[in-house]
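This report describes a ligand site and the features of the chain that accompany it. Please consult the sequence and the structure shown here while reading.

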Amino acid sequence: MGVRVAVFASGSGSNAEVLIKHFKSHDGIEVSLVVTNRYDAGVIARAGRAGIKVLKTSRKDLECGLTEKQLRAENIELIVLAGFLLHIPRSIIQSFKDRIINIHPALLPKFGGKGMYGSHVHEAVLAAGDAESGITIHLVNEEYDKGRILVQYRCPVEESDTINTLAKRIQTLEHAHFASTIEDYILNEL
Ligand code: GRF
């Protein structure tokens, strides 16, 4: 049995799907669980199509330790946050020290922190008039977006960009680099 990865997602799950597909043919790593806090999340259908077990969580389940117990029961060794909108409690961050990876759709430390998720991030980048944006893949620690940065990839922000055109360019970067960054981390640092 390879390294078992749980992907946490609250939304569409396009990154989760890319990770599931990438590791399906990998003999040392597998996405064995998808965790979501939303009954209507697109990630549920994506996981179902791929035959991946889905675990429902909630603020309560995270805080009271139930979700952590379920992760242990599934022998999860690495947590990947791919658009998960609930805060991971300190207890999980501590028991999965350096084993929680997050992807952020901007170049941290800029455009991070409270409220900076989804289109709010791209809106802030456009409003700031930055010439470039990108993605940040980092470890999650108690200070959340301030964990050790593993990699960043950059892309230009065009004059003509809208939130949607920038979001699409960022998503292309995410889908191109998230899986290999996780694979490198597992092979070299776990
Ligand atoms: C991505 O933009 C990711 O950077 C952010 O949440 C979004 C998830 O998108 N953390 P999807 O649900 O994987 O399509």
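## Polar contacts of the ligand

In this predicted model, a polar backbone atom of Gly-83 lies 3.4 Å from a nitrogen atom of the ligand. Two further contacts involve oxygen atoms of the ligand. In the case of Gly-13, a backbone N or O atom is 2.7 Å from a ligand oxygen. In the case of Glu-174, a polar atom of the side chain is 2.4 Å from a ligand oxygen. The ligand taken alone exposes 370 Å², and 82% of that area is buried by the protein.

## The shell around the ligand

Which residues surround the ligand? The shell consists of Ser-12, Gly-13, Ser-14, Asn-15, Gly-83, Ile-103, Pro-105, Gln-171 and Glu-174. Sorted by class, it contains 6 polar, 2 nonpolar and 1 charged residues.

Two helices each contribute at least two residues to this shell: helix 1, which covers residues 14-24, and helix 7, which covers residues 163-189.

## The largest pocket

The ligand takes up space that belongs to the largest pocket. This pocket holds about 1200 Å³ of space, and 41 residues line it. Those nearest the centre of the pocket are Leu-85, Pro-105, Met-116, Tyr-117 and Gly-118. Pro-105 is also one of the residues surrounding the ligand.

Which elements give two or more residues to the lining? They are helix 1, strand 5 (100-104), helix 6 (119-128) and helix 7. Helix 7 gives the most, with 7 residues. Helix 1 and helix 7 thus appear both in the lining of the pocket and in the shell around the ligand. By class, the lining has 19 polar, 15 nonpolar and 7 charged residues.

## Backbone features in two loops

Where does the backbone show a cis peptide bond? The bond from Leu-108 to Pro-109 is cis, and its omega is near 10 degrees. Pro-109 belongs to the loop that connects strand 5 with helix 6. Both of these elements also give residues to the lining of the largest pocket.

A second feature concerns Asn-75. This residue is not a glycine, yet its phi is positive, at about 55 degrees. Asn-75 is placed in the loop between helix 4, residues 66-73, and strand 4, residues 78-81.

Technical notes. Residues numbered from 1 in each chain as written. Predicted model: local features only at pLDDT ≥ 70, side-chain atom pairs only at ≥ 80, totals over all residues. Heavy atoms only, no water. Near = heavy atom within 4 Å. Polar contact = N/O pair within 3.5 Å; in protein donor to acceptor, adjacent residues only side chain to side chain. Areas by Shrake-Rupley, 256 points an atom, 1.4 Å probe, with all protein chains shown as cover. 1 Å grid on protein atoms, 1.4 Å probe; cavity = no way out; pocket = protein on both sides within 12 Å on 5 of 7 lines; lining within 4 Å. Sits in = over half its atoms within 2 Å of the grid points. Helix = DSSP H or I, 4+ residues; strand = E, 2+ residues; numbered from the N terminus. Nonpolar A, V, L, I, M, F, W, Y, C, P; charged D, E, K, R; others polar. Points joined across faces, edges and corners; volume = space filled by probe spheres on them.
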